[in-house]
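Biologist: I would be grateful for a close look at one loop residue in this model. Please describe its surroundings, and then place it in the context of the whole chain.

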Amino acid sequence: MISFKRPPGIRAEKTEIEAAGRKLKLLIVRPEEPAEEPRPGVLWIHGGGYVTGMPEMVFASRAIDLVTGGGAVVISPYYSLSLNRPYPAALKECHAALVYMKDHAAELGIRPDQIMVGGESAGGGLTAALCMYARDHRTVNVAFQMPLYPMLDCFDTDSSRDNHEKIWNTSRNQKAWKMYLRKLPDKTNIPPYASPARQTDYTGLPPCYTFVGDIEPFRDETLAYVDALRAAGVEAEVDVWPGFYHAYDMMEPEKEDAKAAAARFLERFRAACEAYRAPQW
């Protein structure tokens, strides 16, 4: 059963920054134990189909593992939901949060060369879009990306077409994309910052780890993203878990296979902390 309970040994606080013409709240989650050295910093972007969700989902998602098991500082933005402000509001606000992490790394206690981005579902889609945006505008050099079962493609794929599994399905997916992209004038020419599957240049993006279920709508777009990264010379790994519907790891965390997925995720994060450094421009 999904739980938003904060585990012991964790400190959570909020701050507020200027972002895209509004005040943006950030949830900052870190280990209570003081660190002798700066920690990896992760911008974690919550899911919810761009329509719903909240940063407190970090306590039910893989993000909390990064804090409890990976010693990271996780920052999650209260980005605008598409019901109120469609694309590009969420992307611009998440970018402002990412720049804040870079500019305030010392006071946040994070390593400026280990600023990472992750998220689940729509947050995974925003993760990919944000890495593209930061690369193209040379604002933040992201060390690693973790877009879990990401919502990347505004057009149907073989796995998102006629999908009726739990939590997320074809109907919800199509309605959510319509809401998110409703202000774009040309629905046949979607920019990659809105739908990252529209990207044609994957060079220079951060190394990636992700996982996805084999029966969920986002299986094919996740695999296509990893393939595109690899073709561009970017290190990228994906695990495909049998029988996982969308957000299975969050919905059924006590299942042994969900625990295995969580353990694998944390293992790959720790490996990334050893392997990847991205000095800021």
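**A buried asparagine and its setting**

Modeller: In this predicted model, a polar atom of the side chain of N169 lies 3.2 Å from the backbone nitrogen of S171. The side chain of N169 also reaches a second backbone nitrogen, that of R172, at 2.9 Å. As for its place in the chain, N169 belongs to the loop that runs between β6 (144-148) and α5 (170-180).

Is N169 buried or exposed? Its relative accessibility is 18%, and buried means under 20%, so N169 counts as buried. Once neighbours within four places in sequence are set aside, the residues in contact with N169 are N163, H164 and P217.

A second position, G9, may be described in the same terms. G9 is found in the segment before β1 (10-19). The relative accessible area of G9 is 39%, and partly exposed covers the range between under 20% and over 50%, so G9 is classed as partly exposed. When residues up to four places away in sequence are not counted, G9 touches R30, P31 and E32. With respect to W44, which is 35 residues apart from G9 along the chain, the separation between the C-alpha atoms is 19 Å.

The chain as a whole may now be considered. It contains eight helices and eight strands. Its radius of gyration is 17 Å, close to the 19 Å given by the globule rule for 281 residues, and the chain is therefore as compact as a globular protein of that length. Along the principal axes, the C-alpha atoms fill a box of roughly 50 × 45 × 35 Å.

Burial and contacts can be described for the chain as well. Of its 281 residues, 58% count as buried, and N169 is itself a buried residue. Among contacts between residues at least 6 apart in sequence, 76% join residues that are at least 24 apart.

The surface and the charges complete the description. The accessible surface of the chain comes to about 11,800 Å², and carbon and sulfur atoms account for 51% of that area. The chain carries 33 positive and 37 negative charges, and the mean positions of these two sets are 6 Å apart.

To return to the residue in question, N169 is a buried residue in the loop between β6 and α5, with its side chain directed to the backbone nitrogen of S171 and to that of R172.

Conventions
Residues numbered from 1 in each chain as written. Predicted model: local features only at pLDDT ≥ 70, side-chain atom pairs only at ≥ 80, totals over all residues. Heavy atoms only, no water. Helix = DSSP H or I, 4+ residues; strand = E, 2+ residues; numbered from the N terminus. Rg over C-alpha atoms; globule rule 2.2 N^0.38 Å. Buried < 20%, exposed > 50% of the residue type's maximum accessible area, 1.4 Å probe, protein only. Contact = heavy atoms within 4.5 Å. Areas by Shrake-Rupley, 256 points an atom, 1.4 Å probe, with all protein chains shown as cover. Lys, Arg positive; Asp, Glu negative; His and termini not counted. Charge placed at Lys NZ, Arg CZ, Asp CG, Glu CD. Polar contact = N/O pair within 3.5 Å; in protein donor to acceptor, adjacent residues only side chain to side chain.
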